[in-house]
Amino acid sequence: MDCIVVASGAVRDGQDAMLPCVEMESLLTNRGIALKTLSVDPLAAGWNTPVLPDHYRSGCAPLEALDAGRRLILAGEADAVIVHGKDHLRTGYPRQERLEKMAIYGDEYPLTDAYTDLARQFMCIHNIAEEQFKNLCHDLFENYRRSYAVLNGNAQIPERWFEPVTALFRGVDCANPSIDYEGKLILVNSALAKELKPQEVVVAVKGSAVTQLDGDGAGYIAQIARYEHLAESWRRCEREAGIDFKALLDARQALLEAYTCYPVAPLGFLLATGLVERPEQLTSFINRYPLTVTGGLNLSRAPWNCPALNGLIAVTDRLKAGEAGWGAVHGNGGLGYKQGVALLQATRLDG
């Protein structure tokens, strides 16, 4: 039995593409099938407050919810699961409240400083010089921009965003999530999916894994920067799916959606997964392969804890459209203490 995505959709700054989810929820409800919702917390939930049951928090939250939903489906403990995230970050918060809630490590240690410290530790581990790192930042953003242009045309970016904001990062290198967003995925088992969509291409969640360290923030930078927990998530995912993703990517049979909050996150992902074996090969890989289908968090924005949900929905849509057979989506929680991966496959249920 597989876990199947039977509907996905999003509302972005009032542009509503949620109809497939609305119709599927109605169809399931009319069949008397209970819908279990797993929620991605918004910024308003806070960072250090208790996490409620069936709620998930951090940039890895959509991958955690997907993994939990998949396990429920495969164990027969739920017939249908909704993974849902909603955050009106652009219009739902006064500016000062938004800034205060984003200061998850305190006012004295902003995220830009935390990610700069993490990047320097990562550079030390891999013997990457500062100028080389800045060149990689440039190459990463150009990679995102090429992907974004495929569906949206060339992005118009004010020149000020190319100015440095830290010793290592420009504005375009940093997370920029000011948008109103809602996204959903609806999961069912393959038997039910075959009844609902017998003639359609659907997307199966063939592997999912989340691994986390004991803590997050400045005290865990040395551990985070090695991304060994991300490597473990990737290995588990590939084992479950029974594939060699790198071989599929080389054959242009796979799509990738890396988490792109700051450059160190996708760079860590590439090395931890073995998609790039050595640091000196990063530039070549980045110039050859799209790291995202969306343009990443920096261009195809989704707020706070929702970017990976946006990525899951986008990869699902592209797989259903026949652009590839497989897709991988990465989620990064906090400064990187939590790492999640999902492997998706386009499939037909009438075979």
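This dialogue goes through a helix, two cavities and several salt bridges in a predicted model.

Biologist: What should I know before reading the values?

Modeller: The model is predicted, so local features need pLDDT of at least 70 and side-chain atom pairs count only at pLDDT 80 or more, while totals for chains, interfaces and linings use all residues. Residues are numbered from 1 along each chain as its sequence is written, and side-chain values use heavy atoms, with hydrogens and water left out.

Biologist: How many residues does helix α2 have, and what span does it reach?

Modeller: Helices are DSSP runs of H or I with at least four residues, strands are runs of E with at least two, and both are numbered from the N terminus. The expected span of a helix is 1.5 Å times one less than its number of residues. Helix α2 covers residues 61-74, has 14 residues and reaches 20 Å from first C-alpha to last, close to the 20 Å expected. Just after α2, glycine 76 takes a positive phi of about 75°.

Biologist: Is α2 mostly covered or mostly exposed?

Modeller: Buried means under 20% relative accessible area, exposed means over 50%, and partly exposed lies in between, with a 1.4 Å probe and protein chains only. In α2, 12 of the 14 residues are buried. Charged side chains appear in that list, including Glu64, Asp67 and Arg70.

Biologist: How many cavities are there?

Modeller: A cavity is a set of points on a 1 Å grid over the protein atoms alone where a 1.4 Å probe fits but cannot get out; lining residues have an atom within 4 Å of a point. Grid points are joined across faces, edges and corners, and a volume is the space filled by probe spheres set on the points. The count here is 2 cavities of 30 Å³ or more. The largest has a volume of about 80 Å³. Of the 13 residues that line the largest cavity, the closest to its centre are Glu257, Ala258, Leu297, Pro307 and Ala308. Helix α12 (307-320) and strand β9 (326-333) each give two or more residues to that lining, and the largest share, 3 residues, comes from α12.

Biologist: What is the make-up of the two linings?

Modeller: Ala, Val, Leu, Ile, Met, Phe, Trp, Tyr, Cys and Pro count as nonpolar, Asp, Glu, Lys and Arg as charged, and the others, Gly among them, as polar. The lining of the largest cavity divides into 6 nonpolar, 6 polar and 1 charged. The second largest cavity holds about 40 Å³ of space, and its lining divides into 7 nonpolar, 2 polar and 1 charged. Phe141, Tyr144 and Asp173 are among the residues that line the second largest cavity.

Biologist: Which parts does the salt bridge of arginine 90 and aspartate 13 tie together?

Modeller: Side chains of opposite charge can pair when their charged atoms come close. A salt bridge is a side-chain nitrogen of Lys or Arg within 4 Å of a carboxyl oxygen of Asp or Glu, and the count is 19. In the pair of arginine 90 and aspartate 13, the closest N and O atoms are 3.1 Å apart. Arginine 90 lies in the loop between β5 and α3 and aspartate 13 in the loop between β1 and β2, so the pair ties together parts 77 residues apart in sequence. Arginine 90 is partly exposed at 42% relative accessibility, and aspartate 13 is partly exposed at 34%.

Biologist: Where do arginine 31 and glutamate 195 lie?

Modeller: Their side chains meet in a salt bridge at 2.9 Å, N to O. Arginine 31 lies in the loop between α1 and β3 and glutamate 195 in helix α6, so the pair ties together parts 164 residues apart in sequence.

Biologist: Which residues are linked in a network of salt bridges?

Modeller: Asp67, Arg70, Arg71 and Glu240 are linked in this way.

How values were computed
1 Å grid on protein atoms, 1.4 Å probe; cavity = no way out; pocket = protein on both sides within 12 Å on 5 of 7 lines; lining within 4 Å.
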